[in-house]
Amino acid sequence: MTYCEKCDAVPEIAPANGTLFLWPPVAHTTSKILAGAKSIGIEVEKTPSVATLSIHYTRPGLRALIDAISGSLLPEELSDTKALIMPGVQRPEIDDIAQITSLGAIRAAIGAEWLGDLLRDNRLNSVFQPIFDINDLRRPYAHECLVRGESATGDVINPGQLFDAAQSATLLFQLDRAARAANVRNAHKAGVKGNLFINFTPSSIYDPDSCLRSTIEVVEECNLDRSNVVFEVIETEKVRSTAHLSAILQSYRDSGFRVALDDVGSGYSTLNMLPELRPDIIKIDRELVDHVDHDKFKQAIVSKLIALAKQLDIEVIAEGIERQEELDFLRDHDVDYVQGFLLGRPAPAPFTAKAG
């Protein structure tokens, strides 16, 4: 397999010494930027013929510079002011055009520098939530691996904060890859037995064969049976290309893994994807499970989803179960597997089978 340069490297946000080039959209925005730089005693070089501003900086002063020149700009000005950082005093060449972004994007990336440090230091931990066969609630059928970050001071960083920062810092590819690898290694280290559900974001994968290589290598490193590893698609509703996602799932299947779709039933999109994606497992959206015993509309949808999946030889997990009445309804309607706080919460160690 080939290496994926985008996924396998965590880039620095900016060189230690460099030049920030800016192309403001209008003169009014230029005036604001100049005033901001002047407020902290920074000189700005102007090239009127191409409406370019250039500011030399030395780290760690870049964040203060960005804050000063962007503090009074409107959101529209931040997104419309094009920006590029070059090493030292280099000036942009034609090949650098593809790297031009917005001042807003650079500001967000600078604010998320902690994430790059976290990834380089491998500070990703995991918790494990059990999934049970509906006919055996004593011992888990599987565990879903859920990533957690650890700050430099030891605090827990939730996945929402991690992925929001990754989106801002254009580190989604690196975070998703690192999270997959960390979850596999952490599960192996924690002694999790049986089936493992590993989440991934399809928008973080360009080429399946190269982008998934490192994850497969970790599975081999931990000597796991590939048939026990289920790769679960999260944020399915955000998928722009069903064909691309289908290629990713096929790559996993060809490598001996199983695949699952999360949040099925949350919209028409996931149901429309089933004929093309043909997952091994689907998870019913937790919003449909919530108080399903009291809602005839949810009952109709959930029961039809389970029946449809059985016709297609797809196994069904109902997640988000927090009440006994929900569990009873799902058992009565022949769901295959169940997951939720009622049965077991995410924990740093695998679920211990109940006696009796």
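Q: Which residue in strand 3 stands opposite glycine 18?
A: Tyrosine 57. Bear in mind that this is a predicted model.

Q: How do strand 1 and strand 3 pair, and over how many bridges?
A: They pair in the antiparallel sense, over 6 bridges. Strand 3 covers residues 52-58.

Q: And strand 1 with strand 4?
A: That pairing is antiparallel too, with 6 bridges. One bridge there joins leucine 22 to alanine 83 of strand 4.

Q: Is strand 1 mostly covered or mostly open?
A: Mostly covered. Strand 1 runs over residues 17-23, and 5 of its 7 residues are buried.

Q: Moving on. Where does threonine 81 sit?
A: In the loop between helix 4 and strand 4. Helix 4 spans 75-80, and strand 4 spans 82-87.

Q: Buried or exposed?
A: Buried. Threonine 81 has a relative accessible area of 0%, and the cut-off for buried is under 20%, so threonine 81 counts as buried.

Q: What lies 2.7 Å from a polar atom of its side chain?
A: The backbone oxygen of glutamate 77.

Q: Which residues does threonine 81 contact, leaving aside neighbours within four places in sequence?
A: Leu22, Trp23, Pro24 and Pro25 are among them, as are Thr29 and Ile33. The list also has Thr101, Ser102 and Leu103. Leu22 is the residue that bridges to alanine 83.

Q: New topic, pockets. How much space lies in the largest pocket?
A: About 750 Å³.

Q: Which lining residues are closest to its centre?
A: Glu12, Ile13, Gln99, Thr101 and Thr170, out of 25 that line the pocket. Thr101 is also a contact of threonine 81.

Q: Which elements give two or more residues to that lining?
A: Strand 4 and helix 5, the latter being residues 103-111.

Q: Which gives the most?
A: Strand 4, with 5 residues.

Q: How does the lining divide by residue type?
A: Into 16 nonpolar, 6 polar and 3 charged residues.

Q: Now the whole protein. How many helices and strands?
A: The secondary structure comes to 15 helices and 14 strands.

Q: What box do the C-alpha atoms fill?
A: Roughly 75 × 45 × 35 Å, taken along the principal axes.

Q: What share of the residues counts as buried?
A: 47% of the 356 residues.

Q: Last one. Of the contacts with a separation of 6 or more, what share is between residues 24 or more positions apart?
A: Such pairs account for 70% of those contacts.

Methods: Residues are numbered from 1 along each chain as its sequence is written. This is a predicted model: local features need pLDDT of at least 70, side-chain atom pairs count only at pLDDT 80 or more; totals for chains, interfaces and linings use all residues. Side-chain values use heavy atoms; hydrogens and water are left out. Helices (H or I, at least four residues) and strands (E, at least two) are DSSP runs, numbered from the N terminus. Buried means under 20% relative accessible area, exposed over 50%, partly exposed in between (1.4 Å probe, protein chains only). A polar contact is a pair of N or O atoms within 3.5 Å; within protein, one must be able to donate a hydrogen and the other to accept it, and residues adjacent in sequence count only if both atoms are side-chain atoms. Contact means heavy atoms within 4.5 Å. On a 1 Å grid over the protein atoms alone, a cavity is a set of points where a 1.4 Å probe fits but cannot get out, and a pocket is an open set with protein on both sides within 12 Å along at least five of seven lines; lining residues have an atom within 4 Å of a point. Grid points are joined across faces, edges and corners, and a volume is the space filled by probe spheres set on the points. Ala, Val, Leu, Ile, Met, Phe, Trp, Tyr, Cys and Pro count as nonpolar, Asp, Glu, Lys and Arg as charged, and the others, Gly among them, as polar. Two strands pair if DSSP finds at least two bridges between them.
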